[in-house]
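Me: I would like to learn how to read a fold feature by feature. Please take me through one example.

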Amino acid sequence: MNNVLETESADAPAKSAAAKTVLEVAGLKTYFFVRQGIVKAVDDMSFSLKAGEKLAIVGESGCGKSMTALSILRLVPDPPGRIVAGSVRLDGRDLLKLSEAEMRKVRGNHISMIFQEPMTSLNPVWSIGNQISEAVMLHQNVSRHEAFEKAVEMLQLVKIPEAARRAREYPHQLSGGMRQRAMTAMALACNPHVLLADEPTTALDVTIQAQILDLILELQERLGTAVVLITHDLGVVAETAQRVIVMYGGKKVEEAAVVELFEAPLHPYTQGLLAAVPHLAAMSGLAPARSRLKEIPGIVPALVNLPKGCTFAPRCAFASDVCRNEFPPYETKRPGHNVACWHSNQLDGVRHA
């Protein structure tokens, strides 16, 4: 893992420094108005993404990762959800100010998404080729025959064997890995500037997971697409990302380059996530094994009933009165390393093993 991280860290600054910013999210807030109260699913989320960059957003289930992506694409179910504040600028244009007709021209063309569950995202009564070609025809001035040829070409690009035959098959006739490849082909058919990948390896076995991730990265390098990878798998982050955002309770609590974050996290939640990852050396007997994996005590708070102050305070070993009463400011603690924690100085200098 360290070799991968070192390689990424050496390449990332040189690539991203010269690249232009393609996506800029600022102060994004998405709330759900339900009978129990207001669910702050995404609360003041901000980040930027450069052309060709690979950014990961990590956190436990329910922390707001997927809702951030759906908000960017303006796919929040309304009612009960609504984007109440912020801006999402794609190539300088604020997507939140576009009409729905204008937004339909943007989705799938300039920005695309690979959804978490391909079986529920693909239309079961349309062939794979027709679904991809429909996306192509929506955004490009081509005939149905040309669009279908493009669909076959994309299926070949994502390494589906016998692509011409598979294009005429239906989602239920494909394996889980092939369906995820088809979703990737559909998302990249129009060469979008930004690809949002929401848990693209969920429910796939380990071998297929690796193939899908390698495929996404290969296509990303070839097409120059910027990627936002949404995941809870820190191993996936280490293998793929250049920069990492950690979310908790709908908020961004830490952001840093992948090497920096893995080796020296500044937020207790990030430290807890990393400490909970199994170590291969310990499991193989090459290093002293711990009696059991470390865990973060407590549970993720309900977003409709968040605690006062820092949302992580009830589960944090460093929490004090100020943590329980006031949410910490989001500050730069090291170059390129930002965190929202009153006691990050207690973690500063602690290298994560």
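The turns below go through the sheet, the helices packed on it, and a few loop residues.

Me: Before we start, what kind of model is this?

Reply: It is a predicted model. The values below are computed from its coordinates.

Me: Begin with the sheet. How many strands does the open sheet have, and in which order do they come?

Reply: Sheet order is read across the strands, not along the chain. Here the open sheet has eight strands, in the order β6-β7-β8-β3-β9-β10-β12-β11, and the pairing is mixed.

Me: Which strands stand at the edges?

Reply: The edge strands are β6 (111–114) and β11 (331–334). Each has a single partner strand, so one of its sides has no neighbour in the sheet. From one strand to the next, the twist averages 20 degrees.

Me: Take the β6 edge. How many bridges join β6 to β7, and in which sense do the two strands run?

Reply: β6 and β7 (residues 194–198) run parallel and are joined by four bridges. To fix the register, look at individual partners. I111 has V194 in β7 as its bridge partner, and I114 has A197.

Me: Which way do the side chains of β6 point?

Reply: In a regular strand, side chains alternate between the two faces of the sheet. In β6, I111 and M113 point one way, while S112 and I114 point the other way. These four residues are buried.

Me: Are there strands outside that order that I should look at?

Reply: Look at β1 (residues 21–34) and β2, which pair in the antiparallel sense over eleven bridges. A hairpin of two residues joins β1 to β2. For the register, E24 stands opposite S48 in β2.

Me: Now the helices. Which strands does α8 lie across, and which does α9 lie across?

Reply: For a helix over a sheet, read the strands it covers and then its angle to one of them. α8 lies across β6 and β7 and runs at about 175 degrees to β6. α9 lies across β3 (54–58), β6, β7 and β8 (226–231), at about 140 degrees to β3.

Me: At what angle do α8 and α9 pack?

Reply: Helix α8 (residues 176–188) and helix α9 (residues 206–223) pack at about 15 degrees, with their axes 10 Å apart. That angle makes α8 roughly parallel to α9, as angles under 35 degrees count as roughly parallel. The crossing of α8 past α9 is right-handed.

Me: Which residues in α8 meet which residues in α9?

Reply: From α8, the residues are G177, Q180, R181, T184 and L188; they meet I208, Q211, I212, L215, I216, L219 and L223 in α9. By class, this contact has seven nonpolar residues, four polar and one charged.

Me: How does α5 pack against α8?

Reply: Read it in the order used for the previous pair. Helix α5 (residues 128–139) and α8 pack at about 20 degrees, with axes 9 Å apart. They are therefore roughly parallel to each other, and their crossing is right-handed. In α5, I128, Q131, I132 and A135 meet A182, A185 and M186 in α8. The residues of this contact divide into six nonpolar, one polar and no charged.

Me: On to loops. Where is G52, and what is G52 in contact with?

Reply: For a loop residue, note its place, its exposure and its contacts away from its sequence neighbours. G52 is in the loop between β2 (37–50) and β3. Its relative accessible area is 23%, and it counts as partly exposed. Beyond neighbours within four places in sequence, G52 is in contact with Q220, G224, T225, A226 and Q242. The C-alpha atoms of G52 and A19 are separated by 7.6 Å, although the two residues are 33 apart along the chain.

Me: Where are cis peptide bonds found here?

Reply: Look at omega for each bond. A cis peptide bond joins D78 and P79, with omega about -5 degrees. Another cis bond joins P79 and P80, with omega about 5 degrees. P79 is in the loop between α2 (65–72) and β4 (81–90), and P80 is also found between α2 and β4.

Me: Which residues other than glycine have a positive phi?

Reply: Among them are R74, with phi near 55 degrees, and K159, with phi near 65 degrees. R74 is in the loop between α2 and β4 and is partly exposed, at 21% relative accessibility. K159 is in the loop between α6 (144–157) and α7 (163–166).

Conventions
Residues numbered from 1 in each chain as written. Predicted model: local features only at pLDDT ≥ 70, side-chain atom pairs only at ≥ 80, totals over all residues. Heavy atoms only, no water. Axes fitted to C-alpha atoms, helices over the stretch in contact; angles between N-to-C directions. Parallel < 35°, antiparallel > 145°, perpendicular 65-115°, else oblique. Left-handed = near helix turned anticlockwise from the far one by under 90°. Contact = heavy atoms within 4.5 Å. Nonpolar A, V, L, I, M, F, W, Y, C, P; charged D, E, K, R; others polar. Pairing = 2+ DSSP bridges. Buried < 20%, exposed > 50% of the residue type's maximum accessible area, 1.4 Å probe, protein only.
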